[in-house]
Amino acid sequence: MNENPQQLPQNQPGSNPEQGSTPGSQSPSYGASPQERTQQLPMGGYGPHQQQQFAPQGGQPRPPQGSGQHPAGGSAYPQFGPGTHQGTSPGPSWPYGPQPAAPAPEKPKRRGLALVALTALLVGTAGGVGGAAVYSATNDSTSNTPSVTAPLNGNQAAPASAPDGSVQSAAAKVLPSVVKIAVATSQGEATGSGIVISKDGLIVTNNHVVAGAGNGATISVMLNDGRTVPATIKGTDPLTDLAVIHASATDLTPAKLGSSDKLAVGQGVVAIGSPFGLEATVTSGIVSALNRPVTSGDAQQDSTTVFPAIQTDAAINPGNSGGALIDLAGQVVGINSAIKTAGGSGQSEGGNIGLGFAIPIDQAKPIIDELVAKGKATHARLGVQVGDAQSSDGLSNGARLGEVTSGGAADKAGLHAGDVVTAVDGKAIASGDALVAAVRSHRPGDQVKLTITRNGQTQSITATLGSDNGNPTG
């Protein structure tokens, strides 16, 4: 039986809840509107910079000749308002005696602020992997001409006076441990981000960052000190969108891993990565929500993932994939993985609208350990198909269980098809995706307390989660 949860026939026949869902939606997460999608973060592709464009200067009139006015900045710069500079009038005794007062300059008419075209500074075309609104790196049409994106003044470390708990101090602690990852294929090149976890070159990133690194592809890592070194894949896990690569270096600075379980909504966080290929980029915000069920994936590779995400309004964009989400103590609390965009399907450049999602580091740690040791990872399994349970008003109201796998965790616990799970360990479950995310936040062998509704009666059932033994689709 396919472990990936499926939409039950009584809700939406033939659909899969792990594809096309939108976190936080009131309606079921299946078949999301093309105007709003959650996507795995595409990687920022290499390519020439687009030139920043400016609109005409708001109809700024030319000053009258001889008025003593000079255009501010010349015609090459955008003007905001009148934007002129008036010289000082001659003194009363210059050069020989009193002079007639200079005629008052004609006041130019205010035509409003100049319009500046909102053309983003993009580094080529965004690549990456995701659903309908995202494209696979192997199908990216990015240019093979790299861009120079390093800060001109080199590495930016905080001065000694940076106060503890500030964004500046936190960023200085982690910047040496965040790298840019470039994947070159026959179709082009694209970039993502990664976090150094060992001195001898182990780096964690998203699976979708390196998923296109097949035959003939190469992986390069640009370190914070400016060096570029080759890397190979150590292990990948599409189900949790995590991967570990090994860079050819022995003197790296590992990041300090914190605890996502200690996060609180409203807490300050910082995102570090390479949005659109711009390495060592730091943005800040807060934790907007915790345990947000997020579904993202790649329809082309039939690979989807559901995880209980950390939601943040820190600016996250294509190319931030695999980068660090840190607390203000400078500890990694999440791995940036997905964003929600307001653009329609096919917009590979969909960017930050204040809805970014990171894999909690406490969920990632055991997967990372297994990828390093064995190249693949195991996952907790309940052994049942799930879908949305809907109330009479059409809103999602729990997870309805479908086919129960014989001998699986659900079967052993006494769960039946048709049961509706409304809570796991006391936390409300609003949809099938929420139940999947809750199970995947645990490890094989963990016990969970399920609150269910059966035949109109509420009861609690304790289940001991099984394992997929590293075969999530078997």
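This passage looks at two helices, the nonpolar cores and the salt bridges of a predicted model.

Helix α3 is a good place to start. It covers residues 361-374, and at 1.5 Å a residue its 14 residues should span 20 Å; the C-alpha atoms at its ends sit 19 Å apart, so expectation and model agree. Its buried residues are I361, Q363, A364, I367, I368, E370 and L371. Right after the helix comes G375, with a positive phi near 85°.

Turning to the nonpolar cores, the largest has 29 residues, and I326 and I335 have the most contacts inside it. The largest share of this core, 5 residues, is supplied by α3. Leaving aside residues up to four places away in sequence, I335 touches I195, V204, N206, L242, G322, G323, F357, A358, I359, I361, A364 and I368. Another core, of 25 residues, lies apart from it, and V386, A410, V424 and A438 are among its members.

A438 also belongs to helix α5, where the buried residues are G432, D433, A434, L435, V436, A437, A438, V439 and R440. Since 9 of the 9 residues of α5 (residues 432-440) are buried, the helix is largely enclosed by the rest of the structure.

As for charged pairs, the count comes to 7 salt bridges. Two of them can be followed along α3. K365 and D362 pair up through their side chains at 3.8 Å, N to O, and both residues lie in this helix, 3 residues apart, or about one turn. K365 is partly exposed at 29% relative accessibility, and D362 is likewise partly exposed, at 23%. Further along, the side chains of K374 and E370 meet at 3.7 Å, N to O; here the spacing within α3 is 4 residues, again about one turn of the helix. An α-helix has 3.6 residues a turn, so residues three or four places apart point the same way. In the second pair, K374 counts as exposed because its relative accessibility is 54%, over the 50% cut-off, whereas E370 is buried at 15%, which is under 20%.

E370 has a further partner: R443 forms a salt bridge with it, the closest N and O atoms being 3.4 Å apart. This pair ties together distant parts of the chain, with R443 in the loop between α5 and β22 (447-454) and E370 in helix α3, 73 residues apart. R443 itself is partly exposed, with a relative accessible area of 21%. Elsewhere, D225, R227 and D251 are joined into one network by salt bridges that share partners.

Terms used
Residues numbered from 1 in each chain as written. Predicted model: local features only at pLDDT ≥ 70, side-chain atom pairs only at ≥ 80, totals over all residues. Heavy atoms only, no water. Buried < 20%, exposed > 50% of the residue type's maximum accessible area, 1.4 Å probe, protein only. Helix = DSSP H or I, 4+ residues; strand = E, 2+ residues; numbered from the N terminus. Expected span 1.5 Å × (residues − 1). Core = buried A, V, L, I, M, F, W, Y, C linked by side-chain atoms within 4.5 Å. Contact = heavy atoms within 4.5 Å. Salt bridge = Lys/Arg side-chain N within 4 Å of Asp/Glu carboxyl O.
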